[in-house]
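Biologist: I'm new to this one. Could you pick a single part, the pairing of strands, take a close look at it, and then follow the thread wherever it leads?

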Amino acid sequence: MESIKLKELINKMTVEEKIGQMIQLSADFYNTTENEITGPINDMHLTTEKMPTIGSVLGISGAEQVKAIQQSHLESNRLGIPLLFMADIVHGYRTIFPIPLGLASSWDPKLVEQTASIAARESSVSGLHVTFSPMVDLVRDARWGRVMESTGEDAYLNQQMARAFVRGYQGLNLKEDVSKLAACVKHFAAYGAPVAGREYNTVNMSERQLRENYLPAYKAAIDEGSRLVMTAFNTVDGIPATGNSWLMNELLRKEMGFDGVLISDWGAIGELIAHGVAENLKDAGTLAFEAGVDIEMMSAAYSSELKGLIESGTVDEQKLDEAVLRILELKNDLGLFENPYRGADAQKEEQEVFSQENREAARMSAEQSIVLLKNEQILPLKKDMKVALIGPNSKTNDLLGSWSWKGDTSETRSLYEGMIEHVSSEQLVLIEETDILNHAADAKLADVDVIVLALGETSEMSGEAASRTSITLPGNQNELVKAIRKLSKPVVATLFNGRPLDLSDIVDDVDGLVEAWFPGTEGGAALANVLFGEVNPSGKLTMSFPRNIGQVPIYYNQDKTGRPMNEENKAEKYLSKYLDVENSPLFPFGFGLSYTTFSYSALNLSHTTFTKEDSVTVSVTVKNEGTVAGSEIVQLYVQDEVGKVVRPVKELKGFKKIALEPQEEKDVNFTLTAKELAYVHPDLTFATDSGTFKVMVGTDSENVQSETIRLMTK
Ligand code: GLC
């Protein structure tokens, strides 16, 4: 439908019908068979007469079910305006990929894009139109459960991943390509920085910090074309995001140029009352409406109060029409007026969803997400070894992680199922933890060559509403490691978890340590392939692993201080340090080992001085010194030595993942211009100062070589 016709359509709509487009209901409003007014409909201040005016629904999929609901809706909607079907497809639909914190550890935006594209294919044949993804909240605090859903602590990397997710979901033409979904970047803004890592807690930061670190990934997703933005539950400078007119109108829409649909998070408009910035739903609805929230997810402000607010002139019907136009434009851009069933197709659903090809991609993405944290010549395991597999995650299918809605753990292969593909059942001995703790396993272990420990969290220990004040291994897992250590056998610990963990108590008691995150549908097979060397691990951390909770929040790009500690002065007292623990994390941002070793040549700079019109090429030659092929993620960092504000000790400004055969070497080149060196000044302008910059290249954020370049004023 041409856009002009949308405005004609709006002119035919009653105020109730316009408001209906701004209401989103959950699946249970549609899965119910009874037509009489049920509790939920009442709670939402709705009536059965109003139901046909509703604009969108979340949490329903399945080609036949969606088509039936859409058909029924169109038969009752006076003007034939179709429903939008939305859901949380965050790291896969039914074929589940590693959690985003895992996918990001691949440092491979193309891979991330591919997983999003597959998720979109499976979702669209199942009737979905919109995904509430990517979540691009920058995170620095492992106490917060939703770090699993983010791509980590760095603004530059998060921007690349945000773009990759949006490209994968949306493709290039949503109307023509019905295998794609509209993306909804979330949660605007700075939801990843709750005080004390406590879920839904206050966010306190300067506008400069917000702009420097937290906004770039949202901006990247919007610039990549994300059609929706979701509001955050938290406050931004004392005002809840969902009712924050400066954040949404001035910053998001005017300055960042977002002209798509702004949807509230679940119940977030109603929660303005609990926040204490609204006395009642009328106030809450006014705040959200004035902030430009187009769709209210699962609270009742718009359904109960917006008509009155319009009729009383409290809010402007012109703004109502603008909101409705954005919603209808989204439906139109999805082609729903021409084809309200879009990609829903039961036959294609049968072929596409959970296909072998998609599961292969899930396994490969899991293999690329795995991070080797320690290897004292024990990995990879040899095929003739006798292996004891011990620990709570040995046979678990709980490998999908949070936000894996249609994923089915019964279809998920465990680590044991993965490992038995590599060795015979005689070679793979499952031993109960209790046997170890009760010293009753000695006989079973006598001829075992290596012990593999399957440790970590359960999936509900991370995700939404899953903050932890302790981030050590849960239960008696540390005790289990200590008991195993006494058996004088080589030990490899593997981890399924959704956040950086405090591994200080066990890191010295194991010979190998492998971080697999929640690796998804094929995670067990992927981890086994890495353990037995079929895949050489190449993943690198995108979030620092602290030495203990006392260091949190900890992140590599911390600002400089007036009393920095370094190797030379660390014995001195009056420095920025702790009495009991080093400042450095246990495992730093960008860290990950390989089964081979890579050497780096000295850095080569095309220029040591340059102007704002020039660029500097930073080159390094990387060689695979080992006997197995491997991939290395070469990282480029910069430190601005003197700024108008205190600048970070280093910032990621580029990365390249290169594959090298044994003894092969490759030149890796990065191009730096003044643009990459810009930062948010005290007056909030984004600009680059002249001066000297340390340029660093290395295998992680700590192991780098550095040179200095000078940006001249002209
Ligand atoms: C949740 C989450 C949000 C999700 C929404 C719909 O509370 O905060 O990320 O998309 O509700 O499920």
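Modeller: Let's start with one pair of residues: Tyr637 has Leu652 as its bridge partner in S22. Before going on, note that this is a predicted model, where local features need pLDDT of at least 70 and side-chain atom pairs count only at pLDDT 80 or more, while totals for chains, interfaces and linings use all residues. Residues are numbered from 1 along each chain as its sequence is written, and side-chain values use heavy atoms, with hydrogens and water left out.

Back to that pair. Strand S21 (630-640) pairs with S22 in the antiparallel sense, over nine bridges. Strands count as paired if DSSP finds at least two bridges between them; the strands themselves are DSSP runs of E with at least two residues, helices are runs of H or I with at least four, and both are numbered from the N terminus. The two strands belong to an open sheet of five, ordered S19-S27-S26-S21-S22, with mixed pairing. At its edges are strand S19 (609-610) and strand S22 (651-660), each pairing on one side only.

There's another open sheet too, with eight strands in the order S9-S6-S5-S4-S3-S2-S1-S10 and parallel pairing. Strand S9 (261-263) and strand S10 (296-297) have a single partner strand each, so one side of each is left without a neighbour in the sheet. S10's link to strand S1 (23-26) is parallel and runs over two bridges, and Gln24 stands opposite Met297 in S10.

Helix H14 (317-333) lies across S3, S4, S5, S6 and S9, at about 110 degrees to S9. Contact here means heavy atoms within 4.5 Å, and the angle, on a scale from 0 to 180 degrees, is taken between N-to-C directions of lines fitted to C-alpha atoms, for helices over the stretch in contact.

Now follow S5 (182-188). His187 sits in this strand, and the peptide bond leading into His187 from Lys186 is cis, with omega near -5 degrees. Most peptide bonds are trans, and most residues other than glycine have a negative phi. In the loop between S5 and helix H9 (207-223) comes Ala190, which isn't a glycine but has a positive phi of about 65 degrees.

His187 also takes us to the ligand. 13 residues surround the ligand, with Asp88, Arg146, Lys186, His187 and Asp265 the closest; to be included, a residue needs a heavy atom within 4 Å. Ligand oxygen atoms are 2.6 Å from a side-chain N or O atom of His187, 2.5 Å from one of Asp265 and 2.7 Å from one of Arg146; polar contacts are pairs of N or O atoms within 3.5 Å. Alone, the ligand exposes 310 Å², and the protein buries 93% of that, by the Shrake-Rupley method with a 1.4 Å probe.

Terms used. A polar contact is a pair of N or O atoms within 3.5 Å; within protein, one must be able to donate a hydrogen and the other to accept it, and residues adjacent in sequence count only if both atoms are side-chain atoms.
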